[in-house]
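Reader: Before we begin, I should like to go through this structure by question and answer. Please show the sequence and the coordinates.

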Amino acid sequence: MNLSTILLAMAPAEQAAPPPNDAQGGPWSMPIQASTFAPETDAIYLFILVLSLISFVGIVGATLYFMKAYRRRSADQKTSSITHNGKVEFLWSAIPAVLLVVIFLWSEVAFMKQVVPPPDAIDIRVKGQKWFWTAEYPANPGVQLNNEIIVPVGVPVRVTLTSQDVIHSFFIPAFRVKRDAVPGRYTTVWFEATRPGRYNLFCAEYCGDQHSEMRGVVHVLPADEYEAALAEAGRLEQEEGESLAAFGERIYVRKGCNACHSTDGTTKTGPSWKGMYGAERTFADGSSGTVDDNYIRESILEPNAKVVSGFTPQMPSFQGQLNDDQITALIEFMKTLK
Ligand SMILES: [Cu+2]
């Protein structure tokens, strides 16, 4: 099994689209270089790697040589008194010092380029929460993507990050871009994608027991397809000939309900939807009730009004994010999960 099959297996299963294609170079290669930052970051990485290898061979080689050349040859042999060697000591201090300064300056210059986005960058707001990402596009109100961001190729993109709960880390290996998403604060990161494709988006900060589930896809499109794709992604309406339940299932995936609710009986952050409709519930405050249309509606709009006992109030409100038709479709979908 090589890295690309592993990455393939990790692609969000619900998405029928092709899996991320970062790892085309085989298991030992770096991920594909898909942003303007990638070549320079890799060059620095390679420079440090080669330098380390040379030092390793030199140091271990000298150690082995000295062990043999200066081994103790008889029981009464004494080591001659060693004072110092100015020339050698100067060299072994100066050469590494110069190399370290080169590494520092090169990295610093590369890093500073990543700090300030160009003024014409487009904006995306990304929020991390246990355990998924949501992206919003200020220039395209109403578009809200879960575990996916869509960006055009060749256009700088500024991502403003925040977190709903704990520290997450927004990491796109193919872009060589990583920044923490910190609760109560905005952090930014920017990049310019250089090749269309689908790339992994990971959370790179251990953020709880389902941290490894917190991954998405960065979808890089040719600039002329970008607006249309975004409009399509923002449109969440029942299609011609689509049943209400099938539409509900699409919403379940698109709005990220699947991050916390399974349909097969396994308990994630929230209760599974399997067999939920019509079931009896007891709540954290001791009261009880039946799962019917009004209860589901309330659970979606005011999740904390009744908290199912055994669960913590971690569900975000979808007030203003789902209209009545969409809630109805979700209910129809839940009814099919016997
Ligand atoms: Cu996380």
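Reader: Are helix 6 and helix 7 parallel, antiparallel, perpendicular or oblique to each other?

Author: The model is a predicted one. Helix 6 (residues 293-301) and helix 7 (residues 324-335) pack at an angle of about 120°. Angles of 65 to 115 degrees count as roughly perpendicular and those over 145 as roughly antiparallel, and the rest of the range outside the roughly parallel class, under 35, is oblique. Helix 6 and helix 7 are therefore oblique.

Reader: What is the distance between the axes of helix 6 and helix 7, and in which hand does helix 6 pass helix 7?

Author: Two packed helices are described by the angle between their axes and the distance between the axes. For helix 6 and helix 7, the axes are 10 Å apart. The crossing in which helix 6 passes helix 7 is right-handed.

Reader: How many residues of the contact of helix 6 with helix 7 are nonpolar, polar and charged?

Author: Helix 6 contributes Asp-293, Ile-296, Arg-297 and Ile-300, while helix 7 contributes Ile-327, Ile-331 and Met-334. Asp and Arg count as charged, and Ile and Met as nonpolar. The contact of helix 6 with helix 7 thus divides into 5 nonpolar, no polar and 2 charged residues.

Reader: In what order do the strands of the open sheet lie, and what is the pairing?

Author: The open sheet is formed by 5 strands. Its edge strands, each paired on one side only, are strand 4 (148-152) and strand 7 (177-181). The order is 4-10-9-6-7, and the pairing is mixed.

Reader: Which residue of strand 9 is the bridge partner of Phe-170?

Author: Strand 6 (residues 168-172) pairs with strand 9 (residues 197-203) in the antiparallel sense, over 2 bridges. The bridge partner of Phe-170 in strand 9 is Cys-203.

Reader: Which strands of the sheet does helix 4 touch, and what angle does its direction make with that of strand 4?

Author: Helix 4 (residues 223-234) packs on the sheet, where it touches strand 4 and strand 10 (215-221). The direction of helix 4 makes with that of strand 4 an angle of about 150°.

Reader: Which elements give two or more residues to the side of domain 1 that touches domain 2?

Author: The protein is divided into domain 1 (1-66 + 85-235) and domain 2 (244-335), with 34 Å between their centres, taken over C-alpha atoms. Their contact takes 8 residues from domain 1 and 9 residues from domain 2. On the side of domain 1, the elements giving two or more residues are strand 2 (132-136) and strand 3 (144-146).

Notes. Residues numbered from 1 in each chain as written. Predicted model: local features only at pLDDT ≥ 70, side-chain atom pairs only at ≥ 80, totals over all residues. Axes fitted to C-alpha atoms, helices over the stretch in contact; angles between N-to-C directions. Helix = DSSP H or I, 4+ residues; strand = E, 2+ residues; numbered from the N terminus. Left-handed = near helix turned anticlockwise from the far one by under 90°. Contact = placed C-beta atoms within 7 Å. Pairing = 2+ DSSP bridges. Domains from an automatic or database assignment.
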